[in-house]
Amino acid sequence: MDLLQQIVARAKADKQRIVLPEAEEERTLKAADRVLADDIADIILIGNPGHIKELAAQWRLHHIGKATIIDPENNPKSEVYAAKLAELRKKKGMTIEQARELVTKNNLYLGCMIIKTEEADGQISGALSTTGDTLRPALQIIKCAPGITCVSGGLLLITKQKEYGENGVVVIGDVAVTPVPDAAQLAQIAVCTAETAKSVAGFTEPRVAMLSFSTKGSASHEVVDKVVEATKLARELDPELKIDGELQADAALVPDIATKKAPQSDIAGKANVLIVPNLEVGNIGYKLVQRLGNAIAIGPILQGIARPVNDLSRGCSIDDIYYMVAITACQAQDAKANEQ
């Protein structure tokens, strides 16, 4: 069973309620039908019920009837959501009228309110919306997980080089959100990416390498100092986390090189989670590996939000949405487990 199949199996084992606020978009509705057919998650569609049913008939989608469909303009809970949203945002000056407008006209805000009131477990958008549009209501309503102030993007890289990472799978962060994290933010990214490695990639033991162009003092620079400080702060955030840094990428992944460059490290040569010092490195790095190394890249997967809210590329495929539903469900399972 490959990693994607494992993710789907974990999602099916403990079904979560996932909101799709762009339900009248073709790829989204077709992915929802497939998710429902395979019984991966309980789906909540936001949109005009009549139009959704017409589209389902037009595209011969036979499972949409299993979904819960919420009409934002004729929703009996609109006033409850509006009052709750106005209360959440009153320090920012939001009025009840503004809140009412958002929960009836902006499906992404409505979806996050459904999650906030514990009637759903996660949300996915982005087929029609920007990353900013996806993140804004999530941060305003659901907010960050306890102890976290920095949202980031993790990514699964599946390579044919089975000797690296976890049988060829490596989880990398941040590749999507925070351009130049400071040491405290980088520490949070490390902790959150390790959580993604457990909840999504299924790693029983994330081994985190804090990457730099230096290994254990081989170079001196303020960027190296940041990575060293972030490693220390990450250990304070999560004393159980297996983490080390600063390490060069080869020292993190290759046992022979680790023996020469960092012989005292428990992580060097064994890392399965890689934390890059800034977004530029992460984004360029994973795309080089994807294109030149023929690796499969899954994500970005948004991290650090109290309940999972994930962002799609506007060029996403039906498969992308299908698997992101399964990923979001796995994250939701993990978020609930961490609260117990």
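A salt bridge is counted here when a side-chain nitrogen of Lys or Arg lies within 4 Å of a carboxyl oxygen of Asp or Glu. By this rule, the count comes to 19 salt bridges. The structure is a predicted model, and every value below was computed from it.

## Overall fold

The protein chain has 13 helices and 11 strands. Its radius of gyration is 21 Å, close to the 20 Å given by the globule rule for 340 residues, so the chain is as compact as a globular protein of that length. Along the principal axes, the C-alpha atoms fill a box of roughly 65 × 45 × 35 Å.

Of the 340 residues in the protein chain, 53% are buried. Among contacts with a separation of 6 or more, 73% are between residues 24 or more positions apart. The chain exposes about 15,300 Å², and carbon and sulfur atoms supply 50% of that area.

## Nonpolar cores and a surface patch

The largest nonpolar core has 62 residues. Those with the most contacts inside this core are I7, I43, L45, I64, L156, V208 and M210. With neighbours within four places in sequence left aside, I7 is in contact with L156, V200, A326, I327 and C330. Another core, of 27 residues, lies apart from the largest one and includes I70, Y81, A86 and C112.

At the surface, I284, L288 and L292 make a nonpolar patch of about 330 Å². I284 belongs to helix α12, which covers residues 279-292. The relative accessible area of I284 is 47%, so this residue is partly exposed.

## Salt bridges

Side chains of opposite charge can pair when their charged atoms come close. Three of the pairs are listed here with their N to O distances.

| Pair | N to O distance | Accessibility of one partner |
|---|---|---|
| R27 and E25 | 2.6 Å | E25: 9%, buried |
| E87 and K90 | 3.2 Å | E87: 48%, partly exposed |
| D244 and K216 | 2.6 Å | D244: 8%, buried |

The pair of D244 and K216 links distant parts of the chain, with the two residues 28 residues apart. D244 is in strand β8 (residues 242-247), while K216 sits in the loop between β7 (207-211) and α9 (222-237). How do the two partners stand with respect to solvent cover, buried or exposed? Buried means under 20% relative accessible area; D244 has 8% and therefore counts as buried. K216, at 41%, is partly exposed.

E25, the partner of R27, is buried as well, because its relative accessible area is 9%. E87, which meets K90 in a salt bridge, is partly exposed at 48%.

Salt bridges also form a network, in which E166, E205, R207 and K242 are linked.

## Backbone geometry

Which residues are joined by a cis peptide bond? One such bond joins G245 and E246, with omega about 5°. E246 is found in strand β8, the strand that also holds D244. Another cis peptide bond joins G299 and P300, again with omega about 5°. P300 has its place in strand β10, residues 296-303.

Positive phi values occur in residues other than glycine. N167 has a phi of about 55° and lies in the loop between β5 and β6. Exposed means over 50% relative accessible area; N167 reaches 53% and so counts as exposed. For N294, phi is near 60°, also a positive value in a residue that is not glycine. N294 is located in the loop between α12 and β10. At 49% relative accessibility, N294 is partly exposed.

## The loop between β5 and β6

K162 is found in the loop between β5 (152-158) and β6 (169-173), where N167 also lies. Not counting residues up to four places away in sequence, K162 touches N167 and G168. The residue with the positive phi of about 55° is thus one of the contacts of K162. K162 has a relative accessible area of 46%, so this lysine is partly exposed, whereas N167 is exposed.

Key
Residues numbered from 1 in each chain as written. Predicted model: local features only at pLDDT ≥ 70, side-chain atom pairs only at ≥ 80, totals over all residues. Heavy atoms only, no water. Patch = residues over 30% accessible without salt bridge, like charges linked within 9 Å, V, L, I, M, F, W, Y side chains within 5 Å. Areas by Shrake-Rupley, 256 points an atom, 1.4 Å probe, with all protein chains shown as cover. Helix = DSSP H or I, 4+ residues; strand = E, 2+ residues; numbered from the N terminus. Buried < 20%, exposed > 50% of the residue type's maximum accessible area, 1.4 Å probe, protein only. Contact = heavy atoms within 4.5 Å. Rg over C-alpha atoms; globule rule 2.2 N^0.38 Å. Core = buried A, V, L, I, M, F, W, Y, C linked by side-chain atoms within 4.5 Å.
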